[in-house]
Amino acid sequence: MYGNLVVRPEDIENWGKKVEQEDPEKLVEFEARIERGEKIEPWDWMPFEYRRQLIRMIEQHAHSEIIGALPEGTWITRAPNFRRKLALMAKVQDEVGHAQLLYSAAETLGKTREQMINDLLSGKSKYSNIFNYPAKTWADTAIIAWLVDAGAIINQTTNSRGSYGPYVRALERICWEESFHLKYGYDSVVYLATGTPRQRAMLQDALNRWWRPIMHFFGPPDTQSVHTEKLVRWKVKLATNDEMRQQFLDMYVPKIWELGLTIPDPNLRKNPETGRWEYSDPDWDEFWRVINGDGPCNKERLAVRRFAEEKGRWVREALRSPQAQYVTPLA
Amino acid sequence: MLEQLETLILSLADDELIMGHRQAEWIGLGPILEEDIAFASIAQDETGHAQAYYQILTDLGLRTPDEYAFRRSAKEFRCAHLVELPNFDYDYSLALMRHFLYDGAEQVRLQALSHSAYEPLAGLAQRLLREEKYHWLHATTWIKRLGRSTEEAHLRLQSALNQLYPYAWGLFEELPEEAAMVEAGWIPPSAQLREQWLALVLPILEAAGLQTQMPSTQALTAVMGGRRGWHSPYFEALLAELTEVSASEPEAEW
């Protein structure tokens, strides 16, 4: 069990106030520990702002995993053969398992899973924008498993060098599993890219629709991001959005081109002088519109979660009932 | 005899395939996260078991697992109506009760098959039992726990049981030419398996405070036929979904 009672709910309410009362000696010691590469554990002293930012980040990550299971999950029953069906089921199961790990990691900081789920359902806390787009064809699932998971690996590997112990350990395990998703995704993409003309067309169409959300995946450009110097020093944030986006383009654009696919951006090219990728504006207004609730699937995704929450209420109540007999499984 | 062997194995395999299909529909909709994971895991097992059963036939020179699963017409399937039923409005009591009744039948069937005179089937049954043990554990733990919790839980489970119980009897519908299979020592008579199943599930239901009534002949007639290729009204739609992608480009590799 993690020490998930470190912070009482009323403490969370008071975070804003407590930041100003941070003990300067403890803060110096805390920053020195991070500087030395030590991990911060749930029972350690930490600034309230550190706690608040981590909860926000881990919670969003957990929500992204359960919402992310939805677009792919709907294709399990339609997968074209045993090999793909079994792999896709395992992948989606992994994603839900990641959510479970991450909610547990966030709970060590004092917010319960129930509170987090409530905030997801009320729209108060966010999840990755990319899952507000629909998976329209089988090829979409291949693109998601390859490129979206590739993006997730870059993001998560970066964050796994962070300072908060429970999150870092969860991420290490998650990245290990995601690397299998990537192999599955790439394999699926290769079959479509080398398949019949219809399969190729289906794949190209999927790439055309997913490219912009993938460009958005790493977040707004550094010029639009809020100042994060303190979060970098605390090893909550380890790379800027643009750095991660550049890394993704470096690793995957050549692979996409190698498969004979066209990336729907005529201006995409690596500048030989700067060594950096240049691309058209991927419409950051759209990014902000979607994150604020106006994407193609925002309503539907939350409606599904609310439906599950509503439908499962009697089960959770029954589990809490004093009459419920604890049944010891005889494994 | 090959034809009878195919009938027997398809009845086992098709139940698993379609049960896996329905359980997979629960991923993302479970009452708690842990149940999404459990159902995903069980659905994977069932789907994998279907594949392993079909493979026995493939090894005899018949069709491949993918051909069996993705390229047959509805009337060629041998699954029981219980596994075909949709998840309707996603009431967990229905999912749980189907899981319990079905996996109880699996326990009985696989234990019998593990002594089958047809060795490939006996070997596979022994292997599958090791995984099925956990399905059974999962199902019985939940039934016992919820059966005697709140009044609402009790009512929902009882109502699910009332709805599904006759369908579960359909799992033990006599197979076409069953006498020859029994004679060959492949499998005990369906009626005998059903008695063993009742001896297994009824005490657990009773301990959970749930009641059953012997289904009427009329009720049973309505849910039988799966083993002969007559399916519930829900099956065509399920099959259309199962084959949606593979049928969209039949010659393609995916």
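Here are three short exercises, with solutions, on this predicted model.

**Exercise 1: a helix in chain A**

Task: work out whether the span of helix α3 of chain A (residues 24–35) agrees or disagrees with its number of residues, and whether the helix is buried or in the open.

Solution:
- Start with the expected span: twelve residues at 1.5 Å a residue should give 16 Å.
- Now check the ends: the end C-alpha atoms of α3(A) are 16 Å apart, so the two agree.
- Next, burial: one of the twelve residues of α3(A) is buried, so the helix lies largely in the open.
- Keep going just past α3(A), and you meet A:Gly37, which has a positive phi of about 90°.

**Exercise 2: the surroundings of A:Ala145**

Task: find out whether A:Ala145 is buried or exposed, and which residues it contacts.

Solution:
- Place it first: A:Ala145 sits in helix α7 of chain A, residues 138–159.
- Count around it: 25 other C-beta atoms lie within 10 Å, and the cut-off is 20 or more, so A:Ala145 is buried.
- Then list partners, skipping neighbours within four places in sequence: A:Lys91, A:His181, A:Tyr184, A:Gly185 and A:Ser188 are in contact with A:Ala145.
- For a distance, try A:Lys85: it is 60 residues from A:Ala145 along the chain, and their C-alpha atoms are 13 Å apart.

**Exercise 3: where chain B touches chain A**

Task: say how many residues each chain brings to the contact, and which element of chain B gives the most.

Solution:
- Chain A brings 43 residues and chain B brings 47.
- Several helices of chain B give two or more residues, including α1 (2–24), α6 (119–147) and α7 (151–169).
- The top contributor on the chain B side is α2(B), with eleven residues.
- By type, that side has 21 nonpolar, 14 charged and twelve polar residues.

Terms used
Residues are numbered from 1 along each chain as its sequence is written. Chains are lettered from A and ligands numbered from 1 in the order in which they are written. This is a predicted model: local features need pLDDT of at least 70, side-chain atom pairs count only at pLDDT 80 or more; totals for chains, interfaces and linings use all residues. Helices (H or I, at least four residues) and strands (E, at least two) are DSSP runs, numbered from the N terminus. The expected span of a helix is 1.5 Å times one less than its number of residues. Two residues are in contact if their C-beta atoms, placed from the backbone, lie within 7 Å. Ala, Val, Leu, Ile, Met, Phe, Trp, Tyr, Cys and Pro count as nonpolar, Asp, Glu, Lys and Arg as charged, and the others, Gly among them, as polar.
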